[in-house]
Amino acid sequence: MALTTCQDCGHQVSTRASSCPQCGAPQAAQQSGSRHTASSESGYGNIFPDMRAPDSKKSNLFGWIVIGVVVAAFGSCVLNTPKRTGPSVTDALDACRTAILQVAKDPDTAKIPYVDGAESSSQFTFTWNRETSLIRMRNGLGLEVPATAVCRFSKSDNQVSTLQLDDQILIAR
């Protein structure tokens with residue numbers, strides 16, 4: 001690396017520098033036939049030494065460490081998710097709602113609200129009553145009336161085992 005003298009302050013300046021690090025005066029381009037290029041640091045790296053690019057080996061290592069931690073965290077979440085065998089409570093509720101719609105006189109206007117199900121080892125039980133929420137269905141005269149219902153979904157058979165609508169058993173398996 002060759003040095004020259006700054007025309008303004010007389011300080012020693014690299015021939016590759018675009019400006020003097022002492023006074024900031026712009027320096028003439030190299031005369032060696034090749035075009036003047038900025039150093040591998042930014043054009044301001046000679047004026048502001050703290051603006052130099054970070055050590056690429058350190059930043060690459062840090063980047064790989066961060067990626068490794070993220071992958072490990074994601075992998076542990078995916079691998080530790082419990083696998084459910086058999087139907088879920090959502091599957092059971094959907095089956096009960098479908099069974100109620102099948103026995104409704106006007107299924108397009110029936111309103112079946114979401115209720116929490118009780119789960120045992122062999123079945124899910126869903127209850128629509130005055131304490132939870134009532135089903136709204138049309139009767140034979142076309143009037144919308146509230147109705148109570150109890151639906152039991154068998155886990156082993158994967159289907160509705162009992163449907164009781166207004167104290168009348170409609171499905172019993």
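## Burial and overall make-up

Of the 173 residues in the protein, 23% are buried, a figure that, like every other value here, comes from a predicted model. The protein exposes about 12100 Å², and carbon and sulfur atoms account for 55% of that area.

The protein contains two helices and nine strands, which follow one another along the sequence in the pattern β-β-α-α-β-β-β-β-β-β-β. When contacts between residues at least 6 apart in sequence are considered, 35% of them join residues at least 24 apart.

## The disulfide

The protein has one disulfide, which joins Cys96 to Cys151 with a distance of 2.0 Å from S to S. The link of Cys96 and Cys151 is left-handed, with -80 degrees about the S-S bond. Because Cys96 belongs to helix H2 (residues 89–103) while Cys151 belongs to strand S7 (residues 149–154), the pair ties together parts that lie 55 residues apart in sequence. Cys96 and Cys151 are both buried.

Cys6, by contrast, takes part in no disulfide, and the nearest cysteine sulfur to it, that of Cys23, is 3.7 Å away. Seen from Cys23, the closest cysteine sulfur is the one in Cys6, and the 3.7 Å between them is too far for a bond, given that a disulfide requires sulfur atoms within 2.5 Å. The surroundings of these two cysteines can also be described: Cys6 has 4% relative accessibility and therefore counts as buried, whereas Cys23, at 38% relative accessibility, counts as partly exposed.

## The nonpolar cores

The largest nonpolar core has 22 residues, and the members that touch the most others are Ile100, Phe126, Trp128, Ile135 and Val160. Several elements each supply at least two residues of this core, namely H2, strand S4 (123–128), strand S5 (135–138), S7 and strand S8 (159–165). Among them, H2 gives the most to the core, with five residues.

Trp128 offers a way to look into this region in detail. If its neighbours within four places in sequence are left aside, Trp128 is in contact with residues including Leu93, Cys96, Ile100, Ile112, Pro113 and Val115, and also with Ser133, Ile135, Ala147, Thr148, Ala149 and Cys151. Both cysteines of the disulfide, Cys96 and Cys151, are thus found in the list of contacts of Trp128.

A second core, separate from the largest one, is made up of five residues, among them Val13, Ala17, Cys20 and Ala25.

Methods
Residues numbered from 1 in each chain as written. Predicted model: local features only at pLDDT ≥ 70, side-chain atom pairs only at ≥ 80, totals over all residues. Heavy atoms only, no water. Helix = DSSP H or I, 4+ residues; strand = E, 2+ residues; numbered from the N terminus. Buried < 20%, exposed > 50% of the residue type's maximum accessible area, 1.4 Å probe, protein only. Contact = heavy atoms within 4.5 Å. Areas by Shrake-Rupley, 256 points an atom, 1.4 Å probe, with all protein chains shown as cover. Core = buried A, V, L, I, M, F, W, Y, C linked by side-chain atoms within 4.5 Å.
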